[in-house]
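Thanks for making the time this morning. I would like to walk you through one model, beginning with the surroundings of its ligand and then turning to a sheet and a pair of helices.

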Amino acid sequence: MLKVDTRKISPQQVEAFQRDGVICVKNAVDDIWVERIRTAVDKNVLIPGPMEEKNAPKPEASAEHTSNLWLVDADFRALAFESPLPTLAVQVLKSEKLNFLADGFFVKKPKTNARIGWHNDLPYWPIQGWQCCKIWLALDTVNQENGRLEYIKGSHRWGRELRERSNPSWFVEPEPQEILFWDMEAGDCLIHHFLTIHHSVTNISSAQRRAVVTNWTGDDVTYYHRPKAWPFKPLEEIDLPQFNSFKTKKPGEPLDCDIFPRVEVHR
Ligand SMILES: O=C(O)CCC(=O)C(=O)O
């Protein structure tokens with residue numbers, strides 16, 4: 001069983017996560033993990049993920065995104081269940097229980113205008129509750145030139161859901177003083193609340209920018225039916241056995257099932 005390492009996150013950072021909706025954790029994982037997951041991302045970047053059409057060629061894109069690699073790849077599985085990441089999630093969520101929702105990676109190719117627009121994550125998940133976060137782990141140096149993430153400070157407390165490109169009238173571009181961002185090294189991570197509004201800027205540098213994400217929920221999160229949310233296709237079209245127990249979930253039920261497994265972390 002994983003043991004919480006309280007040296008990686010201070011009580012002040014836990015408070016900052018609650019207050020601002022995002023923190024940056026330096027050296028969240030070591031170089032061995034970084035190298036292992038870089039290799040896993042590079043191996044998977046050109047092939048369809050487990051939720052994608054097997055025979056459809058991957059269209060050329062300026063940013064690649066694939067999810068649920070843990071179902072088919074031992075290195076992604078190890079990142080979710082054996083790395084320090086779940087022990088970070090359980091601390092910021094102040095939770096006894098931890099469920100793993102899904103992983104994914106984002107590769108921004110060099111010199112492209114791929115910008116990910118302002119959004120928060122909650123509207124993309126079939127869940128309700130407060131204790132939920134994403135860990136965005138840098139696999140390369142990250143800065144303003146190569147597609148860093150930027151967050152609207154405290155926006156998780158607005159209680160608003162924002163899908164990318166939905167342009168609701170209540171949303172206005174933030175003033176610079178409202179924005180939080182960090183220059184990062186490979187192995188550092190951002191942890192943001194599912195309601196914190198964020199975007200990522202374009203990669204105008206000459207190198208790719210890779211990151212891997214893992215999504216986590218705590219004690220108060222339950223299943224909630226949300227149209228156009230993960231897994232982004234009708235459940236009847238998914239024949240992975242890990243989905244069988246998810247298909248019968250009713251709103252308000254605990255998330256625990258094969259596709260949203262519990263991860264045991266002890267203090
Ligand atoms: O990696 C990126 O460029 C964007 C990631 C993002 O917006 C997200 O994971 O919600």
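Helices (H or I, at least four residues) and strands (E, at least two) are DSSP runs, numbered from the N terminus. This is a predicted model, so please keep in mind that local features need pLDDT of at least 70 and side-chain atom pairs count only at pLDDT 80 or more, while totals for chains, interfaces and linings use all residues. Residues are numbered from 1 along each chain as its sequence is written.

Which strands supply at least two residues each of the shell around the ligand? They are S4 (99-108), S7 (132-138), S11 and S12 (209-217). The residues around the ligand, with a C-beta atom, placed from the backbone, within 6 Å of it, include Lys108, Trp136, His198 and Val213.

His198 also brings us to the sheet, since Tyr151 stands opposite His198 in S11. Strand S8 (residues 149-152) and strand S11 (residues 198-200) pair in the antiparallel sense over three bridges, where pairing requires that DSSP finds at least two bridges between two strands. The open sheet has four strands in the order S5-S11-S8-S9, with antiparallel pairing. S5 (116-119) and S9 (179-180) stand at the edges with a single partner strand each, so one side of each is left without a neighbour in the sheet.

Finally, helix H2 (residues 31-44) packs on helix H3 (residues 74-81) at an angle of about 135°, with the axes 9 Å apart; axes are lines fitted to C-alpha atoms, for helices over the stretch in contact, and angles run from 0 to 180 degrees between N-to-C directions.
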